[in-house]
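Open the model in a viewer and follow the stops below in order. Each stop says what to select and what is found there.

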Amino acid sequence: MVTTLADDRPEIELMRSARFRKDREGEWKRLADLVAHVEKRGLSGLSFDESLELTALYRQSVNSLSLAREISLDQALLHYLESLTTRAYLAVYAPRTTLVGLVGRFFKTGAPQAIRRSWLHILVATFLLFGGAFAAYFLTLSDPTWYYAFVPGGLSGGRGPEASEEFLRNALYGDNAGSVERLAAFSTQLFTHNTQVSIMSFTLGVMACLPSGLLTFYNGTVLGTFFAIHDAKGLAFDLFGWLSIHGVTELAALIIAAAGGFRLGAAVLFPGQRTRGAALRHAGRDATKLALVAALMLLAAGLLEGFGRQLITDLWSRIIIGWSIGGMWLAWFVLCGRKRQVKI
Amino acid sequence: MWPFRKKDSETARRKAIGRARKLSDGLEKRLQIIPPEGVPLNIRLAPLGQRLGAQVVDTLVTFIGAAIFVALFAMSFSTSWNLISVVAALTFFLIRIPYYIISELVWNGRTLAKRWLGLRVVSVDGRSLSAHQIVVRNIMKEIEFFLPLTYALAGPSQHWSFSATAWLWLLVLLIVPWRNKHNKRIGDIIANTAVIMDPKPVLLNDLVSTIAMKPGVTTDARFVFSSGQLDEYGRFELQVLEKVLRSSAKSTSGTWAKQQQYLKEIVERIVQKIDYEEQIETKDHRLFLEAFYSAQREHLERRKLLGDAREDKYFKEEKTGEETS
C-alpha cells in the first residue's frame with residue numbers, strides 16, 4: 001500500500017535501502033505466493049514455467065538477503081527476507097525421491113550392494129555364531145550340565161538334558177499347538193525376542209564391536225547346546241530339520257544385524273582419514289540398510305515360524321522349504337544390483 | 001591507567017554484545033544452514049517442549065490408527081482377547097515405523113503433528129533432506145525411545161535391573177537434546193538433521209518510506225540532525241527504536257497515555273545524549289522519533305557501506321580499545 005501511495009505523489013528521494021526494497025518487493029511477494037502454493041500442493045502442482053520461476057526467484061531472494069545484510073539496517077526487512085529465503089530453500093531443495101522409487105531402489109540396488117560391501121563383517125559374525133555353537137556343542141556333549149549355563153529358562157520349554165527322547169521328539173513333530181491363538185502368541189513372543197537380540201547387537205556395535213560380538217557368540221552357544229542334547233538322544237538331524245524351516249532365515253538375520261553393528265564399531269575403532277563422527281555417519285549408510293534387511297528377514301522368519309513350523313511336520317519338506325528360502329535370500333544378496341560390465 | 005580503561009571498555013563491550021544478542025536472537029537457539037547458494041540462513045530451532053508435544057500427538061495418531069484397525073479386525077473375526085492383544089501389539093508396531101518415515105518423506109520433513117505445530121526436519125549440511133536421513137532418524141527413534149519405554153513400562157514381570165536400566169536410558173536420552181547445541185537427539189546427530197520452527201515470512205511496512213510519505217517531515221526539514229549528533233548510536237539502538245516505533249504505531253487507544261509517556265522518556269534521553277537544542281512539543285514526540293530514526297538509519301547505513309559498521313553505542317570505546325591493545 002505504501003508503493004501505491006508513492007505512485008500518486010511526486011517522486012521522493014528515498015535512502016538506498018528503502019529504494020532497494022521498493023524495487024524488489026514485487027518479486028518477493030510473488031515468491032511467497034509460489035512457495036505457499038508448493039507447500040499446499042507439492043512441487044508437482046506447479047506448471048513448468050512456474051517451477052522455473054520458483055527457482056529463479058529463489059536465487060534472487062538469496063541474492064537480496066545477502067545484499068540486504070550489507071546495506072540495510074531495517075530489522076523487519078532482514079527477518080522477512082531470512083524467513084522467505086528459508087521457506088523457498090526448503091521448497092526448492094525438497095526430498096526428490098518418491099516412495100515407490102525409494103522402496104524399489106532399496107530392493108534392487110541399495111540393500112544387496114550394502115550386504116556385499118559388508119562381506120567381511122558378515123563373515124566375522126558368521127564365524128562368531130558358529131564358533132559359539134561348536135564350543136557349546138562339545139562342552140555340552142562332555143558335560144550335559146553346561147546346558148543350564150547357556151540356555152535361559154524361558155526359551156527351552158522343558159527341553160533339557162533330562163528330557164526323554166519321547167518328549168523331545170514330540171516337541172519337534174508334535175501337534176501340540178492346535179489352536180490358532182497359541183500359534184500366533186508363540187510366534188509373536190519369539191519374533192519379539194529375536195528382534196530385540198538383533199536390535200541389541202546392532203546398536204551395541206557402536207561400542208567398539210565387543211558387545212555385539214559377545215551377543216552373537218552367546219546366541220551361537222544356545223544353538224550349539226541345543227544340538228548337543230538332541231544329539232545325545234540321536235535326534236540331531238530332526239532338530240536340524242525343525243530349525244531349518246525358519247532358522248535359516250532367522251540366523252541369517254541375526255548375523256546380518258550383528259554385521260551392521262560391526263560396521264558401526266569398525267568405524268569407531270578405525271575411522272581412517274575421517275573424524276570418528278564422519279566415519280560413523282558414513283558407515284551408518286550401509287549399517288542402516290543391513291538393519292532394515294535384518295528386520296525384513298526377521299519378519300519373514302516370524303511368519304515362517306508361526307505358520308510353517310507347526311503346519312509342516314515332515315522332516316524333508318521342512319529342510320527343503322527352509323533352505324530354498326535361504327537360497328532365495330542369498331541370490332538376492334549376491335545377484336541383485338550388479339552394474340553391467342561395460343566392454344571397451 | 002590503561003588497564004582500568006581496557007577493563008571498562010571490555011565490560012561495556014560484553015554488556016552490549018549480550019544485549020544485542022538478546023535482541024536479535026530472542027534468547028532462542030538458532031541453527032545456521034548454508035545452502036548451495038552460499039548465503040547462510042539462521043533458522044530458529046524448535047524448542048524441546050514443542051518437540052515432545054509433537055511426539056505425543058504423533059504417538060496418539062498412530063495409536064488411534066492401530067486401534068481402528070484392531071477394532072475392525074475384532075469385529076470381523078470376533079476371536080479371543082488373547083489373539084486381539086497380539087494383533088494389537090503387532091499392528092501398532094507395524095503402523096508406527098512406516099508412518100514417521102513416509103510422512104516425513106512425502107511432506108518434506110513434517111509428520112502430521114509437526115505440520116500442526118509448525119515444526120520441520122531439515123538437513124544440517126544445507127542440502128535436501130535425503131531418504132537415508134529420514135530412515136535413520138526414525139529408526140533410531142525406535143531404539144532410542146520406544147524400546148526403552150516398553151522395558152520401562154513392562155512392570156514386575158521382569159527383573160528390576162531391566163526397568164532401572166531402561167529408566168536411566170530414557171533419562172540420558174532426555175539430557176542429550178537438552179544439552180545439545182542444536183537440540184539434536186541421538187538420531188538427529190547420526191542422521192545430521194535438526195528440527196526447526198517453520199519460519200513465517202511477514203512483510204511489515206518500510207518505516208522510512210512511510211515516514212517519507214508523511215507531510216511535514218522531510219519536505220519541511222523540520223528536524224535536522226548534524227552528523228555529529230548522529231554519531232552517538234549504533235545498530236542495536238537503531239533497531240530498538242524501530243521496534244518501539246512499530247509497536248506504538250499499532251497500539252490501541254487504551255494504552256495511548258502509557259505509550260505517550262514511553263515516547264516522552266525516549267525523546268528526553270535522545271535529546272540529552274545528542275545535545276539537541278530545540279524544544280520539542282508533546283504532540284511532536286512521535287514525529288521527532290521518526291525523523292531521528294530515518295536520519296540515523298541513513299547515516300549508519302552509509303557508514304556501514306564505507307566499512308565503518310557500528311554495532312552499538314559503545315563502538316567508539318571498542319575502537320580505542322583496539323588501538324591501545
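Select Leu296(A) to begin; at a relative accessibility of 31% this residue is partly exposed, because the partly exposed class runs between the 20% and 50% limits. The model is a predicted one. Leu296(A) sits in helix 13 of chain A, which covers residues 276-311.

Next, extend the selection to the nonpolar surface patch that includes Leu296(A): the other members are Leu99(A), Val100(A), Val103(A), Phe107(A), Ile102(B), Val106(B) and Trp107(B). Together the patch residues have about 650 Å² of accessible area. Two elements each give two or more residues to the patch, helix 5 (99-117) of chain A and helix 3 (81-106) of chain B. Helix 5 of chain A contributes the most, with four residues.

Now move to Phe202(A), in helix 10 (residues 180-203) of chain A. Is Phe202(A) buried or exposed? Its relative accessible area is 9%, so Phe202(A) counts as buried. Show its contacts, leaving out neighbours within four places in sequence: Ala257(A), Gly260(A), Gly261(A), Leu264(A), Ala287(A), Thr288(A) and Ala291(A). For one of these, Thr288(A), draw a C-alpha to C-alpha distance to Phe202(A): the value is 9.3 Å, with the two positions 86 residues apart in sequence numbering.

Finish in chain B with strand 1 (residues 30-33) and strand 2, which pair in the antiparallel sense over four bridges. Ile33(B) stands opposite Leu41(B) of strand 2. Display the side chains along strand 2 (residues 41-44) of chain B: Leu41(B) and Ile43(B) point to one face and are buried, whereas Asn42(B) and Arg44(B) point to the other face and are not buried.

Terms used
Residues numbered from 1 in each chain as written. Chains lettered and ligands numbered in written order. Predicted model: local features only at pLDDT ≥ 70, side-chain atom pairs only at ≥ 80, totals over all residues. Heavy atoms only, no water. Buried < 20%, exposed > 50% of the residue type's maximum accessible area, 1.4 Å probe, protein only. Contact = heavy atoms within 4.5 Å. Pairing = 2+ DSSP bridges. Patch = residues over 30% accessible without salt bridge, like charges linked within 9 Å, V, L, I, M, F, W, Y side chains within 5 Å. Areas by Shrake-Rupley, 256 points an atom, 1.4 Å probe, with all protein chains shown as cover. Salt bridge = Lys/Arg side-chain N within 4 Å of Asp/Glu carboxyl O.
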